Amino acid sequence: MSTTQPLVLAAELAAAWSDIQAYHQDLPDLASPEALIGESSSACGTRLGFERLLHEAAHGLAAARDIRDTSRAGRYHNRRFLLLASELGLAHPVEPHASSGFSQVTMLKETRERYADTIERLDRALGAHQEAVAGDGASRAFRGPAARHGSSGGGVRVKAVCGCGRNVRVVPSVLAQASIVCGACQQPFKIA
């Protein structure tokens with residue numbers, strides 16, 4: 001995979017976030033666009049795209065306004081999240097999902113029209129990124145920033161061991177994304 005592809009995608013994510021901020025002045029800056037690329041969370045479960053960015057912006061507004069918009073370690077999106085999502089131009093189901101609440105929001109037609117140029121730019125960057133990732137022999141899908149939800153994306157953790165014999169428990173898909181290096185021996189952890 002080209003090392004420039006994540007940088008280009010991160011720049012487009014930051015630009016798209018700025019476009020959202022133009023309409024929502026109290027939306028905080030996006031701290032790390034790179035954190036949105038390739039991380040997973042069972043809470044929100046949708047692919048990376050502008051609709052997903054609006055979903056994250058709803059959480060950003062909640063943080064800026066000191067509103068608790070989720071529960072159950074970030075998995076359940078409550079009615080306060082729903083109000084923020086509506087403010088950003090997202091539609092929602094009438095009834096909440098039993099485990100994720102109102103997390104499955106979708107972009108309204110008016111919202112899609114408002115951000116048409118932004119969506120087009122981001123889609124091009126995402127397409128180029130997906131081509132680069134597919135050329136790498138890996139297939140990855142974005143499901144949400146795990147760090148915000150305190151989740152590694154779920155899954156069964158297995159034992160991984162480094163050169164000096166220390167071990168950690170890790171979800172294999174997380175280890176496949178990048179090496180985890182032992183601080184003592186500087187060797188990568190490998191599944192036992």
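Tutor: Let's start with a yardstick: buried means under 20% relative accessible area, exposed means over 50%, and partly exposed lies in between (1.4 Å probe, protein chains only). This is a predicted model in which local features need pLDDT of at least 70 and side-chain atom pairs count only at pLDDT 80 or more, while totals for chains, interfaces and linings use all residues. Residues are numbered from 1 along each chain as its sequence is written, and side-chain values use heavy atoms, with hydrogens and water left out.

Student: What makes up the secondary structure of the protein?

Tutor: There are 7 helices and 7 strands. Here helices (H or I, at least four residues) and strands (E, at least two) are DSSP runs, numbered from the N terminus. The elements run α-α-β-β-α-β-β-α-α-α-β-β-α-β from the N terminus on. Of the 192 residues in the protein, 38% are buried.

Student: Which residues of α3 are called exposed, and where do they sit?

Tutor: R79 and L83, on the face of α3 turned away from its buried side. The buried residues of this helix, which spans residues 79-87, are F81, L82, L84 and A85.

Student: Why are those buried residues said to lie on the same side of α3?

Tutor: They cover an arc of only 165° around the axis, which puts them on the same side of the helix. The arc is that of the directions from the helix axis to the C-beta atoms. Their cover includes α2 (50-64), β2 (76-77) and β3 (90-91), where contact means heavy atoms within 4.5 Å.

Student: What makes the link at the start of α3 a polar contact?

Tutor: A side-chain oxygen of N78 comes within 2.9 Å of the backbone nitrogen of R80. A polar contact is a pair of N or O atoms within 3.5 Å; within protein, one must be able to donate a hydrogen and the other to accept it, and residues adjacent in sequence count only if both atoms are side-chain atoms. The pair of N78 and R80 is inside that cut-off. After α3 comes G89, whose phi is positive, near 90°.

Student: How do you know that E56 and R52 form a salt bridge?

Tutor: By the rule, a side-chain nitrogen of Lys or Arg must be within 4 Å of a carboxyl oxygen of Asp or Glu. E56 and R52 are at 2.5 Å, N to O, so they qualify. They are 4 residues apart in helix α2, about one helical turn, and both are buried.

Student: What makes the salt bridge of E87 and R65 a tie between parts of the protein?

Tutor: Its N to O distance is 2.7 Å. E87 lies in helix α3 and R65 in the loop between α2 and β1 (70-71), so the pair ties together parts 22 residues apart in sequence. E87, at 37% relative accessible area, is partly exposed, and R65 is also partly exposed, at 30%.

Student: How many salt bridges does the rule give?

Tutor: The count is 7. Among them, E120 and R124 meet at 3.0 Å, N to O; these two are 4 residues apart in helix α5 (residues 116-135). E12, D19 and R121 are linked in a network of salt bridges.

Student: Why is V171 called buried?

Tutor: Its relative accessible area is 6%, so it falls below the cut-off. V171 is in the loop between β6 (167-170) and α7 (172-177).

Student: How do you know that β5 and β7 pair?

Tutor: Two strands pair if DSSP finds at least two bridges between them. Strand β5 (residues 158-161) and β7 have 2 bridges, in the antiparallel sense, so they meet the rule. V161 stands opposite K190 in β7. The open sheet of 3 strands has the order β6-β5-β7, and β6 and β7 (190-191) stand at its edges, each with a single partner strand.

Student: What makes a group of residues a nonpolar core?

Tutor: It is a set of buried Ala, Val, Leu, Ile, Met, Phe, Trp, Tyr and Cys residues joined through side-chain atoms within 4.5 Å. The largest has 29 residues, and those with the most contacts inside it include L9, F50 and L122. Two or more residues come from each of α1 (4-23), α2, α3 and α5, and α2 gives the most, with 7. Apart from that core lies another, of 6 residues, among them C162 and F189.
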